[in-house]
Structure formats: structure tokens, C-alpha cells
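Hi,

Here is the structure I said I'd pass along. Have a look at it first, and then read on for what turned up.

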Amino acid sequence: MSPRPLTIVGGGLSGLTLALALRRQEVPVTVIESGSYPRHRVCGEFLSGRGQDILEDLGLNEACDAAGARAAETARFASPRRLGRSLMLPRPALCLSRHALDALLARELVAQGGILRTGERVPDGPLPAGTIRATGRRPATGQATGPWRWFGVKAHARQVQLDADLELHAGPQGYAGFCRLGDGVVNVCALFRRRIGSAGEPARSPADWLRGVPGTPWAERMAGAELDPASLCTVGGLELRPWHDADGAELRLGDALTMIPPVTGNGMSLALESAALAAGPLSAYARGEVDWVAARDAVAHAARRTFAGRLRAAAWLQRALFLPSAPALLLHLTGCSDRLWQRLFAVTRG
């Protein structure tokens, strides 16, 4: 008996990775994506953690290298007043533009016999059995966001001088991650917050937000930056509270399941890991070994068990970064102790 076909709504990292994992088990799969490839997304564009092993398991290391991937070995923190020292990553991260990575995964899916339908939206409403939601972030509700509205901005830039492969800069209203992509290009991705209902603040363009507040190391990094207009993109209505769909009616993956705060640099890995967790139960469903409810609940509980600890640590770190003295304290502590830096890195990756 042939496996039942599965449908994945959303062709980002988690949707495409799941589809590839299912194709390796000869499960028929269709991915429905509202956009097209290649395209830019608001993303830190580096993979740090277990997600690297998943790409290797899928046999994609050489393809990533051919697409321009490079290793990141050093990281550096900066408060609004000063730069910290360069730190060695416990394990090198993989830096690759989402513009290249999503297109690579999409091509690989088609080559492996999967069906990819782009430029198509699925009507609103609950998804039926056999359909997985991997559409990215869930829109935030007023109750969930509290007094703040969160939004992200990203662009590729040239003429940005970094002292480490990865840099995290804190500012008065947000923080920015800088990532070397190679060929003189740096990905600049930032998260900001604005108080809901605030009035009287001067209007700022996305590019202005990315350039930081004058007088900070962040702004100094961006002083001579040449932004690529085609890469400039934004995303709003972000929901940053940990959330699990253990009792939900739908099977969700990646940011549709939960979004880890960007400060951890673990978002891309979490997307790939959630796909890997889902592949086994969904393959069993496709082969008639379990029903849909059992497969859905197995994935939800596995995700909760796997991600709960790092989501709690990430939520704590996210809150701490917006306390007035916290960035300077974090800079001091990580600069004084390699052990503390390695521990911080480990707890935000499970």
C-alpha cells in the first residue's frame, strides 16, 4: 500500500526541511507557498546548533557550500556604550543568506520528487488531517504583546567593518545582529519595540532604524554602510512569548508553533529541528500506522519536551536585554568568564 500524501502549507525553512525528510522516506508531499523563490526574509542568516546536523543528515552540506555558505567562529557583544571582547563560538556556525538557502531547499525538494506550488494561498480556516501548517510567525494579539509592538528589519550591507564573524549590538529600543556572509556582504537584522499608542515620535524609515542611535557602537558600525535596497525587508506583529500547540487542533512547525527570541541566534535551528521531530510521526501516519490525532499529538509533545528549556532561557534573556543596565552587565560577565559565555550559548540551544 502506497503512503498517503501529505500537504505542507508554507515553504520556509521548516516546511521545506520537513518535505525533504518525508521524501527521503518516499512519502508523497506537496508544499504550498504564497511567495516565490528566491526572496529575502527578516532573518539573522546564520545557523547555530543542532540544525546544522539536520542539513548534514539531508546531504546538503556541499550544496550549501556551493551556494556561498561560510563558517562563523567568533562572536562579540556590544552595549550602547562599548564593545566587548571577541569570543570563540563553542561550535562554528553556518552563515548563509536566506535568499540562497530557501531557493536551494526548494530546488532540492523538486529534484527529490516533491511537489512545490508557489504563488498560492490556502484559504483561512482549520486545516484538515494530513495538512501541516508551517507558515511562519503567528500574528500577535494585544493581550500577548502587552504594552509593546515588536517589529523586525533586515538588509544586506557593504562597507560594514566587523571585528568578529557575528556581533550583537544592544540599543535603547532594540538590538541588532551582524553576520558576515562573504564577498564583503554583512547581514544586518534587528528587532525593535515601540510602545502601543505612543505619539509624538518622529517617523523613521526601516533603513533609519537599522542604522542605530547616534553615539552607539551599533551606529558606528553602520556609519558608512551601503544597504542593498532589494534585500531590505520588514516584519511586524511579532509574538515572542513561548507557546506550544500540544492541545491544538492543527499540527504546526517552526515559527507557526513558537518563535524563539532572535537574541539567541537559534531561530533557524529551531525551525529545522521542529521539522526533524515531525518527520517520524508524519511518516507513520502516511503509512497508516497511526491516526492523525496521534501523529499530531506526538509532534506537539516532542516539540514541548525538546524546546521548553531553551524557550524559558531565551525569554529570560530577551527581558533582561531591555533592562537599563543589563547589556553592560552581560558584556562584563561574558568578557570575564569563558565558562559563563559557553553556558549561555548552551542553554539557548537545548
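Let me jump straight in at R296, which is buried, with a relative accessible area of 16%. Keep in mind throughout that this is a predicted model. The side chain of R296 meets that of D297 in a salt bridge, at 3.1 Å from N to O. D297 itself is partly exposed, its relative accessible area being 23%.

Elsewhere, salt bridges with shared partners link R76, D163, E167 and R221 into one network. The count for the structure comes to 17 salt bridges. As background, side chains of opposite charge can pair when their charged atoms come close.

Two more of these pairs are worth opening in your viewer. One is D102 with R98, whose side chains form a salt bridge at 3.0 Å, N to O. Both residues sit in helix α4 (residues 98-111), and because they are four residues apart there, about one helical turn separates them. D102 is buried at 1% relative accessible area, and R98 also counts as buried, at 8%.

The other is D183 with R158, where the closest N and O atoms are 3.6 Å apart. D183 is in the loop between β10 (174-182) and β11 (185-195), while R158 belongs to strand β8 (residues 148-158), so this salt bridge ties together parts that are 25 residues apart in sequence. As for accessibility, D183 is exposed, with a relative accessible area of 67%, whereas R158 is partly exposed at 35%.

Now the cysteines. How many disulfides does a search of the whole structure find? Zero. C64 is in no disulfide, and the nearest cysteine sulfur, which belongs to C95, is 12 Å away. C64 counts as buried, at 2% relative accessibility. C95 is in no disulfide either; its nearest cysteine sulfur is that of C179, 3.4 Å away. Since a disulfide needs the two sulfur atoms within 2.5 Å, the C95 and C179 sulfurs at 3.4 Å do not make one. C95 is buried too, with a relative accessible area of 0%.

On to the strands. Strand β1 (residues 6-9) pairs with strand β2 (residues 29-33) in the parallel sense, over four bridges. In that pairing L6 stands opposite V29 in β2. Helix α1 (residues 13-24) joins in here: β1, α1 and β2 make a right-handed β-α-β unit. β1 has another partner as well, strand β7 (residues 131-133), again in the parallel sense, with three bridges. There, I8 stands opposite I132 in β7.

Last, something on the surface. Which residues form a nonpolar patch there? They are L329, L333 and L340, and together they have about 240 Å² of accessible area. L329 is located in helix α10 (residues 326-336). This leucine, L329, is partly exposed, with a relative accessible area of 49%.

If you only have a few minutes, I'd look at three places: the network of R76, D163, E167 and R221, the C95 and C179 sulfurs at 3.4 Å, and the patch of L329, L333 and L340.

Cheers

Note on methods
Residues are numbered from 1 along each chain as its sequence is written. This is a predicted model: local features need pLDDT of at least 70, side-chain atom pairs count only at pLDDT 80 or more; totals for chains, interfaces and linings use all residues. Side-chain values use heavy atoms; hydrogens and water are left out. Buried means under 20% relative accessible area, exposed over 50%, partly exposed in between (1.4 Å probe, protein chains only). Patches are made of residues with over 30% relative accessible area and no salt bridge: like charges are joined within 9 Å, nonpolar side chains (Val, Leu, Ile, Met, Phe, Trp, Tyr) within 5 Å. Accessible areas come from the Shrake-Rupley method with a 1.4 Å probe; for residues, only the protein chains shown count as cover. A salt bridge is a side-chain nitrogen of Lys or Arg within 4 Å of a carboxyl oxygen of Asp or Glu. Helices (H or I, at least four residues) and strands (E, at least two) are DSSP runs, numbered from the N terminus. Two strands pair if DSSP finds at least two bridges between them. A crossover is right-handed if, with the strands pointing away from the viewer, the path from the first strand over the helix to the second runs clockwise.
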